[in-house]
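User: I would like to go through this protein step by step, with the reasoning spelled out for each answer.

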Amino acid sequence: MDEAKRLAKKNLSPKRYEHTCNVRKLAVKLAKAHGADEKKAALAALLHDIAKELPRDRLLQIFTENAIIAGNVAQRPAPVWHGAAAAILAQTQYGVDDGEILSAIRCHTTGRPGMTKLDKIIYLADMASYERTYPEAEQLRRHALADLDRTAIEGLGLSIAWLKAGGKPVDEESLLAYADLRARYYGGRTSEQTAGEP
């Protein structure tokens, strides 16, 4: 854990490192609230943005050198690249071999279909970390402590709406994650029955 903290501090700007520490704090709080592994949450949080400030050509180099792990990530919107790159670095350079941690790092900006509890914790801890001041941030933090699944749906819905409103591309994984979570949370209820819900 100390090594992960050192790596984050070394590789990130002070502002990004502060964000990382805030994500760790919220992730551990959410893990405690929902019976998840607090150490895994802390480690995933510390490493989630480790590739955030790398230049585009370095990210592409990481994908090329680790093509099997990277998959088709280079064809996805560039803002989501750093999650996959961070997971690759964690696995290939930082000795992380826990699939649950690697998944949470990889999908922390997009979500994914079949999200684990840890995936949801890191996704929401990143989206609603303590320095975030947009209007819904405090609400997301509060809701996430009470109902992780519903808040993951809420967070993905907000993220997709913001990207669309800004004319930015929405990653396919986010749309699939949102549909999957809604289907699992609301089950066979009709769209009329779930109207007004996230």
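The questions below deal with the core, the pockets and one histidine.

User: What kind of model is this, and how are its residues numbered?

Analyst: Residues are numbered from 1 along each chain as its sequence is written, and side-chain values use heavy atoms, with hydrogens and water left out. Local features need pLDDT of at least 70 and side-chain atom pairs count only at pLDDT 80 or more, while totals for chains, interfaces and linings use all residues, since this is a predicted model.

User: Which helix gives the most to the largest nonpolar core?

Analyst: A nonpolar core is a set of buried Ala, Val, Leu, Ile, Met, Phe, Trp, Tyr and Cys residues joined through side-chain atoms within 4.5 Å, where buried means under 20% relative accessible area with a 1.4 Å probe and protein chains only. The largest one has 57 residues, and those with the most contacts inside it are L47, F63, I105, I121 and I122. Helices are DSSP runs of H or I with at least four residues, numbered from the N terminus. The most, eight residues, comes from helix 6 (residues 81-92).

User: Which residues does F63 touch, not counting residues up to four places away in sequence?

Analyst: Contact means heavy atoms within 4.5 Å. With residues up to four places away in sequence not counted, F63 touches A70, V73, A74, W81, A84, A85 and I88.

User: Which residues are the closest to the centre of the largest pocket?

Analyst: A pocket is an open set of points on a 1 Å grid where a 1.4 Å probe fits, with protein on both sides within 12 Å along at least five of seven lines, and lining residues have an atom within 4 Å of a point. The largest has a volume of about 620 Å³, the volume being the space filled by probe spheres set on the points. Of its 23 lining residues, the closest to the centre are K52, T109, D126, S159 and L163.

User: Which helix gives the most to the lining of the second largest pocket?

Analyst: This pocket holds about 210 Å³ of space, and both helix 6 and helix 7 (99-106) supply at least two residues of its lining. With four residues, the most comes from helix 6.

User: Is H82 buried or exposed?

Analyst: H82 is found in helix 6, and its side chain makes a polar contact, a donor and acceptor pair of N or O atoms within 3.5 Å, with the side chain of D49 at 3.2 Å. Because its relative accessibility is 5%, H82 counts as buried.

Key: Buried means under 20% relative accessible area, exposed over 50%, partly exposed in between (1.4 Å probe, protein chains only).
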